[in-house]
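Thanks for making the time this morning. I would like to walk you through one model, going from the overall picture to a single strand and what surrounds it, and then out to the surface.

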Amino acid sequence: ERLLVDPLKDQQIAIHPNTVTSATKLTGGNPYYMTLVGKHLIDRLNQESQKQQVLNEDLHLVVDQIIEPGANQYFSFYRSELQDDEVSILEGFVELTTRSNQTVVQLKKIANWLKLPDTVIRQHLERLRNGLILEEHHPKESNRTSSNPSYSFKIDLLRIWLARNHWFFSLSTK
């Protein structure tokens with residue numbers, strides 16, 4: 001949060017607490033992506049020099065700039081980190097979240113969508129979780145013993161970017 005708030009405070013520009021929360025959720029608290037959002041906000045503020053407060057609307061405009069086609073924010077880096085099956089899983093995940101307008105998907109839904117056994121999907125989801133791409137969610141009472149955990153992107157900005165830039169899924173890893 002300080003990566004976003006402090007540089008703006010130095011310029012006597014306030015950022016609404018809800019906007020800070022939204023930016024933190026979008027970036028998963030990742031310093032690179034938080035700084036990227038902050039840089040775009042500062043660029044926007046340079047165009048509107050009288051603006052004294054950053055709101056969610058400003059954040060949405062900045063996100064649109066970051067994810068627009070042709071704006072390479074190093075999201076494509078993730079492609080070289082993925083196995084082919086994982087690319088298909090992420091593509092299915094993005095499709096399911098886009099269709100449902102939800103950010104969390106259950107293991108069984110992903111497996112059904114891809115027509116693969118839960119056990120195969122689970123091992124890839126575990127690797128994606130270890131690679132800090134996905135987060136795993138369990139019902140509070142299960143303590144990681146649930147047979148149908150849910151998953152979400154650690155960096156929601158990546159999910160949004162993937163939904164807008166489908167070419168990522170057809171890139172070759174070679």
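**From the whole chain to one strand**

Of the 174 residues of this protein, 40% count as buried, and I should say at once that what you see is a predicted model. The C-alpha atoms fill a box of roughly 55 × 40 × 25 Å when it is taken along the principal axes, and the accessible surface comes to about 10000 Å², with 50% of that belonging to carbon and sulfur atoms.

As for secondary structure, the protein has eight helices and five strands, and if you follow the elements from the N terminus they run α-β-α-α-β-α-α-β-α-α-β-β-α. Among contacts with a separation of 6 or more, 63% are accounted for by residues that lie 24 or more positions apart.

Let me now turn to strand β5, residues 150-153. Which strands pair with β5, and in which sense? Strand β3, residues 104-106, pairs with β5 in the antiparallel sense over three bridges, and in that pairing V105 stands opposite Y151. Strand β4, residues 134-137, also pairs with β5 in the antiparallel sense, here over four bridges, with L134 standing opposite F153.

Are the faces of β5 covered or open? Both faces are covered, since S150 and S152 on one side are buried, and Y151 and F153 on the other side are buried as well.

F153 also takes us into the interior, for the largest nonpolar core has 46 residues, and F153 belongs to the group that touches the most other members, together with L125, I133, L157 and L158. In general, nonpolar side chains in soluble globular proteins tend to be buried together.

I133 deserves a closer look from that group. Leaving aside its neighbours within four places in sequence, I133 is in contact with Y78, L82, L90 and L128, and further along the chain with S152, F153, K154, I155 and L158. Two of the names in that list, S152 and F153, are residues of β5 that we have just met, one on each of its covered sides.

Finally, the surface. Y32, Y74 and F77 make a nonpolar surface patch of about 350 Å². Where does Y74 sit? The place of Y74 is in the loop between α4, residues 56-67, and α5, residues 84-100. Y74 counts as exposed because its relative accessibility is 55%, and the cut-off for that term is over 50%.

I will stop there and take comments.

Conventions:
Residues are numbered from 1 along each chain as its sequence is written. This is a predicted model: local features need pLDDT of at least 70, side-chain atom pairs count only at pLDDT 80 or more; totals for chains, interfaces and linings use all residues. Side-chain values use heavy atoms; hydrogens and water are left out. Buried means under 20% relative accessible area, exposed over 50%, partly exposed in between (1.4 Å probe, protein chains only). Two strands pair if DSSP finds at least two bridges between them. A nonpolar core is a set of buried Ala, Val, Leu, Ile, Met, Phe, Trp, Tyr and Cys residues joined through side-chain atoms within 4.5 Å. Contact means heavy atoms within 4.5 Å. Patches are made of residues with over 30% relative accessible area and no salt bridge: like charges are joined within 9 Å, nonpolar side chains (Val, Leu, Ile, Met, Phe, Trp, Tyr) within 5 Å. Accessible areas come from the Shrake-Rupley method with a 1.4 Å probe; for residues, only the protein chains shown count as cover. A salt bridge is a side-chain nitrogen of Lys or Arg within 4 Å of a carboxyl oxygen of Asp or Glu.
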